Each structure stands twice: as C-alpha cells, then as structure tokens.
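Here are a few exercises to work through with the model open beside you. Try each task before you read its solution.

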Amino acid sequence: DAEDARHSDEYGCLRWSASLLAIHDIERMIALGLPWWNVAATREVAEFLRARPKARVFEYGAGASTIWLARHASNVVSVEHHAEWHQRLTKEVARYPNIELRHRELDGDAYIGAIEDADGPFDLIVVDGRRRTECLARAIPHLAPGGIILLDDSGRGRYRSAIETCGLKERRYFGRSYCVPYPDFTSILYG
C-alpha cells in the first residue's frame with residue numbers, strides 16, 4: 001500500500017516498487033519523497049548533502065527531484081523548459097521557500113545559460129533535463145570546490161563522450177532506478 005511505502009526505507013524495494021506506479025505522477029512521487037534517479041546514486045547524493053547542511057543546488061530539469069532536493073539542501077534553483085510542466089510544478093513548490101523555479105525556453109542560450117544568472121557556485125548541480133551535454137559543459141565552471149554533478153541516464157550513448165571528456169572523474173551507478181522497471185544509469189561527476 002502507498003502509505004506503507006511512504007514510511008519504508010527510502011532505498012528499499014517497497015519504496016522502489018511504489019515508485020513504479022507513480023511514473024509521471026508528480027503528486028505521488030512527491031508523497032513518496034523520491035527523485036527519478038538510480039537508487040544507489042540517490043543515496044550517495046543524500047549523504048553528500050547531509051554532510052553539507054548549507055548546500056546550494058542548481059538543477060536542469062524540474063520535477064519531484066526538485067522537492068526532494070529542497071528537503072535535503074538549503075537552496076535549490078531549478079530551470080524547466082516545458083511551460084505546462086513548469087506551471088504544474090509551480091503549485092507543488094509553492095510551500096518550499098528554498099526553491100526558485102525558473103522557466104526558460106530551449107531555443108538559443110536561455111535554458112543552458114540559466115546557471116549563469118543563478119548566483120553560483122553550487123555544491124550540487126543536477127543535469128537531468130534537455131540538452132544535457134551542453135548543460136554539463138556550462139555547469140562545470142559553476143561547481144563549488146568539492147562539489148558534484150549528477151547526470152542522470154548517463155548510459156545513453158549520446159552523453160558518454162561529453163562525460164568522458166569533461167575533465168571530471170565519474171562514479172557510474174547501474175541498477176534499480178526509481179519509476180522504471182528496468183535497471184538504469186546515473187553518474188556522479190567530481191573533481
């Protein structure tokens with residue numbers, strides 16, 4: 001039952017199973033308290049943020065992860081390209097004063113360049129939206145010393161070259177991922 005899952009181990013099978021029924025259901029994902037990432041990578045990010053109570057986060061691609069991040073970090077700036085999704089999320093993030101949700105069009109430089117007017121540096125940068133290879137390149141100069149970048153779906157061939165040539169080390173996670181019934185990749189990049 002969903003209520004049991006909400007109170008179960010965040011990284012356990014019960015919560016993961018419940019997430020499979022919540023795919024594209026923002027309210028259910030928020031209630032479960034989960035981002036849509038690899039389970040092991042999520043645990044590492046939670047530990048990273050726990051060690052940095054004043055952590056600042058920038059996120060490309062808003063969703064349930066935005067609220068999960070707000071529950072774990074001091075400040076979250078998230079940029080979303082999809083106007084309707086942005087509107088829907090605006091209602092959900094309203095009760096989190098530590099979230100700044102921005103809408104930027106994908107065309108041109110507005111979306112990938114959003115990090116430049118977000119008052120960095122950032123302890124954590126999440127690249128989980130569109131134009132990920134360009135966002136990764138743009139994010140690196142805004143990473144705080146000792147910071148990390150989470151790049152989701154990092155097993156996709158179109159992202160591998162950008163990851164391998166970005167100048168950061170990679171911890172690559174493969175396995176159970178929230179919301180999907182198949183194993184998937186998430187990478188954490190660090191200096």
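**Exercise 1.** Which residue in S7 is the bridge partner of lysine 169?

*Solution.* A word on the model before we start: it is predicted, so local features need pLDDT of at least 70 and side-chain atom pairs pLDDT 80 or more, while totals for chains, interfaces and linings use all residues. Residues are numbered from 1 along each chain as its sequence is written, and side-chain values use heavy atoms, leaving out hydrogens and water.

Step 1: find the strands, which are DSSP runs of E with at least two residues; helices are H or I runs of at least four, and both are numbered from the N terminus. Step 2: look across from lysine 169 into S7, and you land on tyrosine 190. Step 3: widen the view to S6 and S7 (residues 184–190), which pair in the antiparallel sense over 7 bridges; two strands count as paired if DSSP finds at least two bridges between them.

**Exercise 2.** Work out the strand order of the open sheet, then say which strands stand at its edges.

*Solution.* Step 1: walk across the 7 strands and you get S3-S2-S1-S4-S5-S7-S6, with mixed pairing. Step 2: check the ends. S3 (99–103) and S6 (169–175) each have a single partner strand, so one side of each has no neighbour in the sheet. Step 3: look at the twist, which averages 15 degrees between neighbouring strands, direction ignored. Step 4: add helix H7 (residues 132–139), which packs on the sheet and touches S1, S4, S5 and S7, contact being heavy atoms within 4.5 Å. The direction of H7 makes about 175 degrees with that of S5; axes are lines fitted to C-alpha atoms, for helices over the stretch in contact, and angles run from 0 to 180 degrees between N-to-C directions.

**Exercise 3.** Describe how H4 and H5 pack.

*Solution.* Step 1: get the geometry. The axes of H4 (residues 39–50) and H5 lie 10 Å apart, at an angle of about 35 degrees. Step 2: list who touches. H4 brings Thr42, Val45, Ala46 and Leu49, and H5 brings Trp68, Leu69 and His72. Step 3: sort them by class: 5 nonpolar, 2 polar and no charged residues. Here Ala, Val, Leu, Ile, Met, Phe, Trp, Tyr, Cys and Pro count as nonpolar, Asp, Glu, Lys and Arg as charged, and the others, Gly among them, as polar.

**Exercise 4.** How many helices and strands does the protein have?

*Solution.* Step 1: count the elements, and you reach 8 helices and 7 strands. Step 2: gauge the extent, with the C-alpha trace spanning about 45 × 35 × 30 Å along its principal axes.
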